[in-house]
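Welcome! Please take a moment with the sequence and the structure, and then we can walk through how some of the pieces fit together.

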Amino acid sequence: MGKNTYSTDYLVDDQDVFELISARVPANSNLRQLEWAVIAQLDGKKTVKAIADTLDLSKSETREIFQNLIDKGLLNRVGDEKEREYLTEEELAQLEQGFLLVMGPVASLLVDEVLNELNCKRPKVPLSLLPVLIEFLSLEIENEKKRVKFQKSILPLVRKRLLK
Amino acid sequence: MILEYFKDLTHAPFVDAVIVFDHSGRVVQKWASPDFNAKIVEALGLHILQTFAILRLGDPSVKEIVVQWERGEIYARTFSQLTLVVVGKSRLNFILLRLLSNVAIDELNANPRFQKLIKKRAPGQQDVLNKKWLDQIEIEYLQKLSIPIKMATE
């Protein structure tokens, strides 16, 4: 594997869609006029860009307003529910089966070790961790051809659950 | 033909464009989502190739980079015969992209048509730091980095 750089900061994206976490905004929120205007536009369907266009906001204004509202705990990004989905037991078994074919009997033990590293326990493995889980398991496979063979075996599941 | 192998990448969440370069900096194939300005794809990709080339002058083991830009992030990965550049929004899942590209490159390498195509195209070395790709500011920047500019721009 090569060198990796990961960004941990979440930038508000033009295509993100937000909704209010609660139907009522707390009275002590101290929101500015433009922040109220943005809140009035939120319907769980309009994208950040659509709202910015409607209110004629610049990119930096848009980013600042949304970031403030997120920081105040008022917004929920639509789509975050998907991040709370879990792999089914059948899917986890499918992943384990692919790993077993290249690693043999120690596969199950290694899967448990990796799940432990990722701070999750069967059967509650978050779907969002699937790529990391596959990568960590792949790192246990020394032979490059076998590593790709395992990754190929799990590709149908990745396609089904993670790709558009 | 090549993009067929990287099709999964075009379906990954938040991906706006995928570009495949050969090692002489020429576009082999590119794809952009309909809501993305396709005109800037190649320029963005070339910029990333240059960044890559500079980093690899200092450390040839660099195989992957992620660069932030005003509209999101760009993931780039170099393989023995080509470089892959993925342009996306700020929530690109690099681990997923790495997995998808691993499988894709393995299947592509097994394709004799691809091997023929690459043989025809590749001059055998990366020359994206060639003067024809750089403007004066970039040349001065490289010189300040103490990179062997004579070699890099020959």
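How many bridges join strand 1 of chain B to strand 5 of chain B? Seven bridges link strand 1 (residues 15-22) with strand 5 (residues 82-88) of chain B, and the two strands run antiparallel. Ile19(B), for instance, has Val85(B) in strand 5 of chain B as its bridge partner. Do keep in mind that this is a predicted model.

## The sheet in chain B

Let's widen the view to the sheet. It is an open sheet of five strands in chain B, in the order 2-1-5-4-3, with antiparallel pairing. At the edges lie strand 2 (27-32) and strand 3 (64-69) of chain B, each of which pairs on one side only. On average, neighbouring strands of this sheet are turned by 15° against each other, direction ignored.

Helix 4 (residues 94-109) of chain B packs on the sheet, where helix 4 touches strand 1, strand 3, strand 4 (72-78) and strand 5 of chain B. The direction of helix 4 makes about 35° with that of strand 4 of chain B.

## A helix pair in chain A

Over in chain A, the axes of helix 1 (residues 33-41) and helix 2 (residues 48-55) come within 10 Å and cross at roughly 125°. The two helices of chain A, helix 1 and helix 2, are therefore oblique to each other. Their crossing is right-handed.

Which residues make this contact? From helix 1 of chain A come Ala37(A), Val38(A) and Gln41(A), and they meet Ile51(A), Thr54(A) and Leu55(A) of helix 2 of chain A. The residues of this contact divide into four nonpolar, two polar and no charged.

Methods: Residues are numbered from 1 along each chain as its sequence is written. Chains are lettered from A and ligands numbered from 1 in the order in which they are written. This is a predicted model: local features need pLDDT of at least 70, side-chain atom pairs count only at pLDDT 80 or more; totals for chains, interfaces and linings use all residues. Side-chain values use heavy atoms; hydrogens and water are left out. Axes are lines fitted to C-alpha atoms, for helices over the stretch in contact, and angles run from 0 to 180 degrees between N-to-C directions. Helices (H or I, at least four residues) and strands (E, at least two) are DSSP runs, numbered from the N terminus. Angles under 35 degrees count as roughly parallel, over 145 as roughly antiparallel, 65 to 115 as roughly perpendicular and the rest as oblique. A crossing is left-handed if the near helix is turned anticlockwise from the far one by less than a right angle, and right-handed if clockwise. Contact means heavy atoms within 4.5 Å. Ala, Val, Leu, Ile, Met, Phe, Trp, Tyr, Cys and Pro count as nonpolar, Asp, Glu, Lys and Arg as charged, and the others, Gly among them, as polar. Two strands pair if DSSP finds at least two bridges between them.
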